[in-house]
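Welcome! Please take a moment to look over the chain below, and then read on for a short guided tour.

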Amino acid sequence: LTACERNRHTPEEDKVPLSFSALSQNTPTKADGTTTPFPHSDFGVWGIARNPEASSRYILWGETSMVQVKKLTSGAYAPVSDAYWLPAHTFTFIAVAPYTGGVDGLIDAAVVETTDSFGFTFDMGPKYSATEDNVADPDFDLMGSVARTYVEKAATQGPQDLIFRHLLAKININITFVDASGNTLSNAGSVSKILLKNLSTTADYTITFDQNEALSILSKNPAKPESV
């Protein structure tokens with residue numbers, strides 16, 4: 001029929017939910033020298049997808065805040081609010097772990113989209129406060145990560161790898177008793193208390209990308225020394 005028109009139809013790609021695979025930095029940055037897997041059950045992440053040719057951008061969750069990402073029984077990590085891969089877009093992610101007891105307690109925490117940076121103040125002081133059983137939380141492990149990924153086709157995109165780096169260093173204090181000549185004495189005594197003076201328990205952090213698209217961390221300590 002002369003009035004009939006044949007239109008080409010290209011089906012939309014299936015909506016593929018975005019998920020993560022979390023790992024810890026494989027270097028002995030902790031005093032005990034261990035290289036354990038990612039130690040947290042959740043983390044916070046901010047993400048944005050950009051297409052320079054189309055001058056478009058898509059902020060995955062909040063403009064300046066992070067969304068919680070939880071570990072599934074499968075071992076993968078999924079955001080509590082779904083987001084999806086977009087074809088022909090570059091995705092940028094900034095993450096901090098853990099979310100519970102970490103990101104949710106940061107002070108003045110905000111992401112700056114123009115510089116892809118996340119700034120916040122962290123107070124370690126409460127982690128040293130003894131609980132009812134007189135045990136503090138000196139093993140708290142604050143971690144950060146960044147990643148950029150170009151997605152050519154959304155339907156075949158797998159989980160986003162995030163390699164987290166320790167933002168704190170664990171310090172072990174080993175004590176031995178010696179005599180006047182320096183000889184080690186066995187079973188010579190015990191330590192009932194250690195006092196650490198003039199500690200900077202509060203720090204201002206800025207997490208962003210370096211020239212190699214890897215994690216860059218800037219930190220400074222406000223002048224608020226404490227004794228623990």
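Here is a friendly briefing on the chain as a whole, its aromatic rings, and one threonine.

Keep in mind that this is a predicted model. The chain contains one helix and 16 strands, and 34% of its 228 residues are buried.

**The chain overall**

- Start with the contacts between residues with a separation of 6 or more: 66% of them join residues 24 or more positions apart.
- Now turn to the surface, where the chain exposes about 14400 Å². Carbon and sulfur atoms supply 48% of that area.

**Aromatic rings**

- The chain has 13 aromatic pairs. One of them joins F20 and F43 in an edge-to-face arrangement, with 5.8 Å from centre to centre and 80° between the planes.
- This pair links distant parts of the chain, as F20 belongs to strand β1 (residues 20-24) and F43 to strand β2 (residues 42-51), 23 residues apart.
- Both F20 and F43 are buried.
- F43 also pairs edge-to-face with F38, where the ring centres are 6.0 Å apart and the planes meet at 85°.
- Why does F38 count as buried? Its relative accessibility is 9%, and the label applies to anything under 20%.
- F43 has a relative accessible area of 0%, so F43 is buried as well.
- Step back and you will find a cluster, in which ring pairs link F20, F38, F43, Y77, W85, F91, F93 and F164.

**Charges over rings**

- Look for K15 next: its charged end sits over the ring of Y84, 4.3 Å from the ring centre.
- R148 offers another example, lying over the face of F209 at 3.9 Å from the centre of the ring.

**A closer look at T208**

- You can find T208 in strand β14, which covers residues 202-209.
- Is T208 buried or exposed? T208 counts as buried because its relative accessibility is 15%.
- Which backbone oxygen does the side chain of T208 reach? The partner is the backbone oxygen of D116, at 3.1 Å.
- D116 also appears among the contacts of T208 once neighbours within four places in sequence are left aside. That list consists of T115, D116, S117, V146, A214, L215 and S216.

Methods: Residues numbered from 1 in each chain as written. Predicted model: local features only at pLDDT ≥ 70, side-chain atom pairs only at ≥ 80, totals over all residues. Heavy atoms only, no water. Phe/Tyr/Trp six-rings, centres within 6.5 Å; stacked < 30°, edge-to-face > 60°. Helix = DSSP H or I, 4+ residues; strand = E, 2+ residues; numbered from the N terminus. Buried < 20%, exposed > 50% of the residue type's maximum accessible area, 1.4 Å probe, protein only. Lys NZ or Arg CZ within 6 Å of the ring centre and 35° of its normal. Polar contact = N/O pair within 3.5 Å; in protein donor to acceptor, adjacent residues only side chain to side chain. Contact = heavy atoms within 4.5 Å. Areas by Shrake-Rupley, 256 points an atom, 1.4 Å probe, with all protein chains shown as cover.
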